[in-house]
Amino acid sequence: MKHKHFLRNTLFLLLSTIFLFSLNACGQSSSTTSAIADTVPVSSELIKVNSEQPSDSSSAQTSAAEPSAKSNDSPAFEEALAAYKKFLAGSMNAQDLKQEISDGVVKIKDISLEPDFKTYYALFDMNGDGIPELHLRPVVGGSYLIFTYLDGQIVLWHSGPDYESPLNNGAILYERDGAAPTHINYYYLVLDSNGNETSKVNFSKYHSVDDSGKTESAEYDVFMMEDKEVSEEEWNSLTKDYLSNSSDLIVWKEI
């Protein structure tokens, strides 16, 4: 009987120990799982963060209307500058693909009026491709010419009268004073990436004359927009955007 009683007590202690051990193990497992859950966000939170709050390192999207500018240290940029330098020095010719001013080949000596008059040049990007165009104009007479660099060649991009001037926004403004009666003629010219005209707006202002046509007014008092006479207030409003564009970014230098 004593032996059975001893076995019963031993079995009870063993079962109690196992039960307590199991409770302790479950408690440790629960706390560990809770700690891990506190440090790892659930998948739905990850999706929300990624979709609504992109990281700072994400690349910006460029609109199709915005030209992709090449870096100033790009090979094409450096090649263009080297080619323009050769052209100005007379060791390289330009191509006149539309034969606007030549039979197809343009030499600097055909443009420059040296040594009698000075010729000036400027480098400025007109078509927004990140590569500057070469602008040329003699100080007296001649034409205003713009050359671009395309496929390893210097190509005539635009040819116009010397009353034209390039603007910072890539457009061209024509301004010419005249007499009989005193007047100023303007046009605002916009070209596409190939140098073709996309729009042109003509406007002018005049001194009025009396019935005899000999006596002028002291100031501009006749204002024309295209072929329509308008008031001075309307003319100022319509031409403000054209005449307010600056050209201070275009720096002319003597060849």
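Visitor: How many helices and strands does the secondary structure of the chain come to?

Guide: Start by counting elements along the chain. This is a predicted model, and here the tally is 5 helices and 13 strands.

Visitor: Next, burial. What share of the 255 residues is buried?

Guide: Buried here means under 20% relative accessible area. By that cut-off, buried residues make up 28% of the chain. Looking at the outside instead, the chain exposes about 17,000 Å², with carbon and sulfur atoms supplying 54% of that area.

Visitor: Which residues touch the most other members of the largest nonpolar core?

Guide: A nonpolar core is a set of buried nonpolar residues joined through their side chains. This one has 17 residues, and F87, I111, L134, L136, F147 and I154 touch the most other members. At least two residues each come from α3 (75-89), α4 (108-111), β4 (133-138), β5 and β6. The top contributor is α3, which gives 5 residues.

Visitor: Let me zoom in on L134. What is L134 in contact with, leaving aside neighbours within four places in sequence?

Guide: Its partners are Y84, F87, L88, Y121, A122, L123, L145, I146 and F147.

Visitor: And the largest pocket: which residues are closest to its centre?

Guide: For a pocket, look at the space, then at the lining. The space here is about 320 Å³. Of the 19 lining residues, T148, L150, W157, S193 and N194 are closest to the centre. Two elements, β5 (143-150) and β6 (153-161), give two or more residues to that lining. By type, the lining divides into 8 nonpolar, 5 polar and 6 charged residues.

How values were computed
Residues numbered from 1 in each chain as written. Predicted model: local features only at pLDDT ≥ 70, side-chain atom pairs only at ≥ 80, totals over all residues. Heavy atoms only, no water. 1 Å grid on protein atoms, 1.4 Å probe; cavity = no way out; pocket = protein on both sides within 12 Å on 5 of 7 lines; lining within 4 Å. Points joined across faces, edges and corners; volume = space filled by probe spheres on them. Helix = DSSP H or I, 4+ residues; strand = E, 2+ residues; numbered from the N terminus. Nonpolar A, V, L, I, M, F, W, Y, C, P; charged D, E, K, R; others polar. Core = buried A, V, L, I, M, F, W, Y, C linked by side-chain atoms within 4.5 Å. Buried < 20%, exposed > 50% of the residue type's maximum accessible area, 1.4 Å probe, protein only. Contact = heavy atoms within 4.5 Å. Areas by Shrake-Rupley, 256 points an atom, 1.4 Å probe, with all protein chains shown as cover.
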